[in-house]
There are 2 protein chains.
Amino acid sequence: MFTGLSAFPLTPLPHDALDERAFVGLIERLAASDVDSITALGSTGSYAYLSTAERARVATLAVDYAGGTPVFVGVGALRTSDVLANVRSAEAAGAHGILLAPVSYQPLTGDDVFELFRSVTESTELPVIVYDNPATTHFTFTADLTARIAELPGIASIKIPGVPVDPDEARARVQSIRDRIPPHVTIGVAGDGFAAAGLAAGCDIWYSVLGGALPDPALRITRAALAGRIDAALAESDRLAPLWGLYAEFGGSLRVVAALAEHLGLVPERSLPLPIQGLTVEQRARVASVADELELEAALGH
Amino acid sequence: MFTGLSAFPLTPLPHDALDERAFVGLIERLAASDVDSITALGSTGSYAYLSTAERARVATLAVDYAGGTPVFVGVGALRTSDVLANVRSAEAAGAHGILLAPVSYQPLTGDDVFELFRSVTESTELPVIVYDNPATTHFTFTADLTARIAELPGIASIKIPGVPVDPDEARARVQSIRDRIPPHVTIGVAGDGFAAAGLAAGCDIWYSVLGGALPDPALRITRAALAGRIDAALAESDRLAPLWGLYAEFGGSLRVVAALAEHLGLVPERSLPLPIQGLTVEQRARVASVADELELEAALGH
């Protein structure tokens, strides 16, 4: 279940409130696509900004409208008791797995993070994805800690933030993780621009921001890479390079994909939670221009 | 009001629940001391981990038991609407000011942060302390942004994370901020080990972690420095160097001061919110040993 393409939908929050209709629309489009799973309430889904009650509602909507597609739900929070409350609501919603990041305000120690994962895996039968994303959590996993956590019963996958650009280094990096984790634990790449390289280097799954809004181009990369057609995967990723360029230029994927989804009419304007204002008018024009150049409107397809 | 010593009490959370009796005890001790103000729900008060309802309760208790001592309340949160809810509860509690940090999950832009401060200053008559603490917020203020925010009506003080070790550089750094902010806006130093140097370099106020647990040694530093007896202030700070050393060695002030307060019986054991486990048994023994060496139990005084 933790292989292929996992699509991370936005959680549209215009006027500081969940737009249920728009969120359901995103889920229905993903359910009608060929994605292997949907991860609601990832970083792309603004999980860290939502109340426990809002998160329970989003989890329920995601599962209810996903058809047969497995749904994973992000449960991370600053306080362990809030994490456990989110685990309960993911279970109640019928999620197939949970995604857990060591969100921090005070810097966390390795033991803090290990005990967090232990508490969660002891409290649920749901499989757990370890979410390693130092750009947002400001916590850096050591290789030792990743290996220790991967041994916990219930750990299903590890989401790594990217791979080195050099293919040999990328393969060595993925293998170095693989060598230290149980064989049933999959490795997933995040960072859309690294996805083709990550899958080519041996990752099993792409945890994809782009796939949450536009599954088709993300599926082309994923299917090609996992079938061993590495050149085709890299070519499709290269074709999308102007989009990855905007991610780098405009401070990450979230603001760019939110602006793209707003431009394509998938979500309402100003869909991100304040204080995140999203892109400026000029930046949005650049996103629209790249969307035209890459014919992303056609990717809306079905 | 934003000068002298502002003491930052812990918010004791044993077994994941606010210990009201212990918190009131901390506030009453500060009220009986000579501190110039109390800042509840700073980083030391674990504000980021508490619910909106818990924060309202802590703010009320702090004001109710502070006697005549002015109380400032930390209102920072990831989402602007939660910040504004915390502002409302600080007002309702009768706070004399609020402390606002640009807490982040997704990295924030300068414009995001400016608009956050604008929204808050427009929504309240309470004076606002700008909380610049990149170690926890992961947001770095530029000099330009600090100056822009300081011009907003209602901004009363800027809490800077520390000063350079070299006295001339420290003075130049404080002066460079002073040159760009309105004269009524005070500058406060955080980072207890930098406090004497910061006050000597021209800061008006010390936002003090140690002062929240042990006001007397913090007052000795503050009163000496602000009376121009810089050597005496630096000597008292040097005397406490073993404590500052533990801050550096054990990952910051919070875990050390929590362990110290637990050791001295000011708060119950395991007072920090999980996943923060606090210091190990061996580390706690080191804290106890430094407390003995520095005769900190005697500092409990009144």
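Two residues are in contact when heavy atoms of theirs lie within 4.5 Å of each other. Keep that idea in mind as we walk through this structure, which is a predicted model.

Let's begin with chain A as a whole. Its secondary structure comes to 14 helices and 8 strands. How does the radius of gyration of chain A agree with that of a compact globule? With 302 residues, such a globule would have a value near 19 Å, and chain A has 18 Å, so the two agree. If you follow the C-alpha trace along its principal axes, chain A spans about 45 × 45 × 35 Å.

Now look at how the chain is packed. Of the 302 residues of chain A, 61% count as buried. Among the contacts in chain A with a separation of 6 or more, 70% are between residues 24 or more positions apart. As for the outside, the accessible surface of chain A comes to about 10,900 Å², and carbon and sulfur atoms account for 54% of that surface.

Next, think about charge. Chain A carries 21 positive and 36 negative charges, and the mean positions of these two sets are 2 Å apart. Side chains of opposite charge can pair when their charged atoms come close. How many salt bridges does a search of the whole structure find? Over all chains, the search finds 32.

Let's visit a few of them in chain B. One pair is B:E20 and B:R57, whose closest N and O atoms are 2.7 Å apart. B:E20 lies in helix α1 (residues 20-32) and B:R57 in helix α2 (residues 52-65) of chain B, so this salt bridge ties together parts that are 37 residues apart in sequence. Are these two side chains buried or exposed? B:E20 counts as partly exposed because its relative accessibility is 30%, and B:R57 is partly exposed too, at 37%.

Another salt bridge joins B:D36 and B:R223, with 3.1 Å between the closest N and O atoms. B:D36 sits in the loop between α1 and β2 (37-40) of chain B, while B:R223 belongs to helix α10 (residues 215-226), so the pair ties together parts that are 187 residues apart in sequence. B:D36 is partly exposed, with 27% relative accessibility, and B:R223 is partly exposed at 31%.

In a further example, the side chains of B:D111 and B:R148 meet with an N to O distance of 3.4 Å. Here helix α4 (residues 110-123) of chain B provides B:D111 and helix α6 (residues 143-150) provides B:R148, so parts that are 37 residues apart in sequence are tied together. B:D111 is partly exposed, with a relative accessible area of 41%, and B:R148 is partly exposed, with 39%. Salt bridges can also share partners: A:D16, A:E54 and B:R79 are joined into one network in this way.

Finally, return to chain A for a charged residue without such a partner. A:K159 is found in strand β6 (residues 155-160) of chain A. This lysine is buried yet has no salt bridge. Where is the nearest side chain of opposite charge? That side chain is A:D192, and it is 8.5 Å away. Since a salt bridge calls for a side-chain nitrogen within 4 Å of a carboxyl oxygen, A:K159 and A:D192 do not form one. So which residues does A:K159 touch? Leaving aside neighbours within four places in sequence, A:K159 is in contact with A:F8, A:L99, A:I129, A:V130, A:Y131, A:D132, A:G188, A:A190 and A:Y207.

Technical notes:
Residues are numbered from 1 along each chain as its sequence is written. Chains are lettered from A and ligands numbered from 1 in the order in which they are written. This is a predicted model: local features need pLDDT of at least 70, side-chain atom pairs count only at pLDDT 80 or more; totals for chains, interfaces and linings use all residues. Side-chain values use heavy atoms; hydrogens and water are left out. Helices (H or I, at least four residues) and strands (E, at least two) are DSSP runs, numbered from the N terminus. The radius of gyration is taken over C-alpha atoms; the globule rule is 2.2 Å times the number of residues to the power 0.38. Buried means under 20% relative accessible area, exposed over 50%, partly exposed in between (1.4 Å probe, protein chains only). Accessible areas come from the Shrake-Rupley method with a 1.4 Å probe; for residues, only the protein chains shown count as cover. Lys and Arg count as positive and Asp and Glu as negative; His and the chain ends are not counted. The place of a charge is taken as NZ of Lys, CZ of Arg, CG of Asp or CD of Glu.
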